[in-house]
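Biologist: Could you take a close look at one helix in this model for me, and then walk me outward from there to the rest? Plain language is fine.

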Amino acid sequence: MFASVRSLAATAVALLALPTLSAAETVKIGAAFSLTGNAAAYGAQQKAGVQAAIDDVNKSGKLKGITLELVLEDDATSKEQGIAVFQRFINRDKVSAIIGPTLSTTATAADPLAQQARTPVVPVSNTAPKGITDIGDYVWRVSLTEAQVIPSALKVAQAKIGFKNAAILYGNDDAFTKGGFDVMKASLEAAGIPIVDIQTFATKDRDFNAQLTALKAKNPDFLMVSALVEQAAAIVSQARQLGWNVPIMGGNGFNSPKLMANAGPAAEGVMVGTAWNKASADPVNQAFIAGQKARGNDPDQFCAQAYTGVLVIADAIAQAGMKGGREDIKAGFAKVKDLPTPLGKFSFLPSRDGNHAAAVQVVKNGKFEILQ
Amino acid sequence: MSLESLQDLWLTYQSTVAFIGLNGLLALSVYTTLSCGQLSLAQAAFMAIGAYASAILTFHSGLPFAVNLAAATLLPALVAVPLGLPVLRLKGVFLAIATIGFGEVVRIFFVNLDYTNGALGLTAVPQRTSIWMIYAALSAALFVLWRIRGSRAGYALEAIREDEPAARTMGIHAARYKLAMLALGASFAGLAGALEAHYTYMVSPSTYSFTRVVDMLVYAVVGGTSVFYGPVVGATFLTALPEILREISARVGLAPGPLRLFVNGAVLLLVILFLPEGISSLPRRVRAWLRSRREAHAA
């Protein structure tokens, strides 16, 4: 048995030792997305986004002779594999920058490796307000945090509906939904809106009638919900079944067409803050949507953010004087200013978080529409 | 092969090597209780206790990492004793259910503990674990289990596993042995938890859910539980397989995605179907097959 293991190992070593060819004008970009596992629904959109962006940038000739090459890997929604993919990108594929990973928890475990290896990372879907860009100065986030989206969404909804108090329902055993709740609570407090009740549930729960009945008894004007999309649909439909027609606003977990697919007509009128204004007439946005339609994909926010991630890296290369090294890209990020992207004019904040306009969407006739 | 490419190869796969060691240690923690016929599914909870204890010590005390690890090894064992006293009276599926219950209690405790940020957990835990530490821990665990085997205690454990009432009639203090093995398994899990927390920069309750115990159990079963090193073989195989498949699909030019997952499952199924006693039974089976062929040839 040991002999066979040794010969297997020898073959593996021999296979891996083949030199990697690299032409001077090719810049490799690694993309680590959850193509399988729990977050696969987001990963598929992100994959479509980066693939289209790489093609578009290469075709545009913006980078004068530099060709971007995409190296795509699956992190299987697992910390362990996320770390393995990052080490592969850094040491084996020798990429100049990494886009991803899909989830904030994977990023917390994998991004420090890129920071140590001085490789720029561009998170395009990590929305945890704390602990992502804090990892270090090689992490430049494109996605808006919940703390950036929710307060402005709340302002728009308040102007529209004019509610006087609010209640919150959230999943307290999941990092993502708990993080969203913290922001909701802080934003309501900052806006001076009294919170009449807070109820919690667990990720595996399927019946929310107890929490909803308790909340309904307090009769709030407005309900904020921080949940993953699977629970979001159940919460919305069970609330409507109780005959409760309170206006509902969801966190980033609601940001998926699966909400309407699962909740059906009950989802009508539900509001969600979003980083991507789908209805924007901006030509860059319209071209992005047309490009995705041509590829047979109905793009969502995650697709637009992933697309923007590539545009930002390409602009950083241009800003660095057409140089695609790791340090060049990192230096270039600081000079990215008002870059036209599907998300609007994009710049980085001093905290290396993305900065662009957020929007509010509302479900109408089974589709997300921008609340003007 | 140049020195540089060897170094890149090591850097690329060092995390896989680290996780093989960690998962090996976790598989041994499940094996430890299995070796006396007990199916304890509380290992993820012990792992969580070790991980949280060590992370809290790292953040709030200046203790050296070795002391920190020692605490993470001892604390789960101390928790295991009072848990084991009532719970080990149960057998088979009842013991499994009770220990699953304990696992959930511990996870939900950490979900609701504001001191450690609840569900968000502790992030930016400094990386203090080196790969040699993981393998030193794994070797120590293997050494302990190897020494137990063939000793007086080893025979006692085997007797309890095969027939507990008979073992008790022989004067073996079954409860004491079972409790000792539960505590030993808990300390392996706690140590692995502490090492993992300081390798992956984070501790969060979702890491220690029920699926994690199932993973450990699968390592042990796929590797084989008839020999003490079987679980480590299983952990090695199952941790390396996704990365080997990743390498193969990259070379073949296959788009990353569900296919890799499918092949991973298919390989696993084949192993379970054709090697029901685990991968560690492979050399024995090959030897038996060669012998039967030689005999057929001679006749």
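Modeller: Let's start with what sits over helix H5 of chain A: the cover on its buried residues includes helix H6 (175–190), strand S8 (248–250), strand S9 (271–274) and strand S13 (359–364), which also belong to chain A. Bear in mind that this is a predicted model. The residues being covered are Glu146(A), Gln148(A), Val149(A), Ile150(A), Ala153(A), Leu154(A) and Ala157(A), each of them buried. As for the helix itself, H5(A) runs over residues 146–161, which is 16 residues, and spans 21 Å from first C-alpha to last, close to the 22 Å expected at 1.5 Å a residue. Right after H5(A) comes Gly162(A), with a positive phi of about 70 degrees.

Now step back to the whole of chain A. An assignment splits the chain into domain 1 (24–144 + 281–357) and domain 2 (147–274). The C-alpha centres of these two domains of chain A are 30 Å apart. Where the domains touch, 9 residues of domain 1 of chain A are in contact with 13 residues of domain 2 of chain A. On the domain 1 side of that contact in chain A, you'd find 4 nonpolar, 4 polar and 1 charged residues.

For another spot in chain A, try Ile317(A), which belongs to helix H11 (residues 301–319). There are 26 other C-beta atoms within 10 Å of Ile317(A), so this residue is buried. Setting aside neighbours within four places in sequence, the contacts of Ile317(A) are Val27(A), Leu63(A), Ile66(A), Met322(A), Lys323(A), Gly324(A), Asp328(A), Ile329(A) and Gly332(A). Phe333(A) sits 16 residues along the chain from Ile317(A), and their C-alpha atoms are separated by 8.4 Å.

Next, the partner chain. Chain B puts 32 residues in contact with 30 residues of chain A. On chain B's side, the elements giving two or more residues are helix H1 (3–34), helix H10 (230–252), helix H11 (258–274) and helix H12 (282–298). H1(B) has the largest share, with 9 residues. By class, chain B's side of this contact with chain A comes to 17 nonpolar, 12 polar and 3 charged residues.

H1(B) is worth following across to chain A. Helix H3 (residues 79–91) of chain A packs with H1(B) at an angle of about 170 degrees, and their axes are 8 Å apart. That angle is over 145 degrees, so H3(A) and H1(B) are roughly antiparallel to each other. H3(A) brings Glu80(A), Ile83(A), Ala84(A), Gln87(A), Arg88(A) and Asn91(A) to the contact, while H1(B) brings Asp8(B), Leu11(B), Thr12(B), Gln14(B), Ser15(B), Thr16(B) and Phe19(B). Sorted by class, the contact of H3(A) with H1(B) has 4 nonpolar, 6 polar and 3 charged residues.

Finally, here's a helix pair inside chain B. Helix H5 (residues 131–148) and helix H8 (residues 174–197) of chain B pack at about 175 degrees, with axes 11 Å apart. H5(B) is therefore roughly antiparallel to H8(B). From H5(B), Met133(B), Ile134(B), Ala137(B) and Ala141(B) meet Phe188(B), Leu191(B) and Leu195(B) of H8(B). The contact of H5(B) with H8(B) has 7 nonpolar residues, with no polar and no charged ones.

Terms used: Residues are numbered from 1 along each chain as its sequence is written. Chains are lettered from A and ligands numbered from 1 in the order in which they are written. This is a predicted model: local features need pLDDT of at least 70, side-chain atom pairs count only at pLDDT 80 or more; totals for chains, interfaces and linings use all residues. Two residues are in contact if their C-beta atoms, placed from the backbone, lie within 7 Å. Helices (H or I, at least four residues) and strands (E, at least two) are DSSP runs, numbered from the N terminus. Ala, Val, Leu, Ile, Met, Phe, Trp, Tyr, Cys and Pro count as nonpolar, Asp, Glu, Lys and Arg as charged, and the others, Gly among them, as polar. Domain bounds come from an automatic or database domain assignment. The expected span of a helix is 1.5 Å times one less than its number of residues. A residue is buried if 20 or more other C-beta atoms lie within 10 Å of its own, exposed if 12 or fewer, and partly exposed in between; C-beta atoms are placed from the backbone. Axes are lines fitted to C-alpha atoms, for helices over the stretch in contact, and angles run from 0 to 180 degrees between N-to-C directions. Angles under 35 degrees count as roughly parallel, over 145 as roughly antiparallel, 65 to 115 as roughly perpendicular and the rest as oblique.
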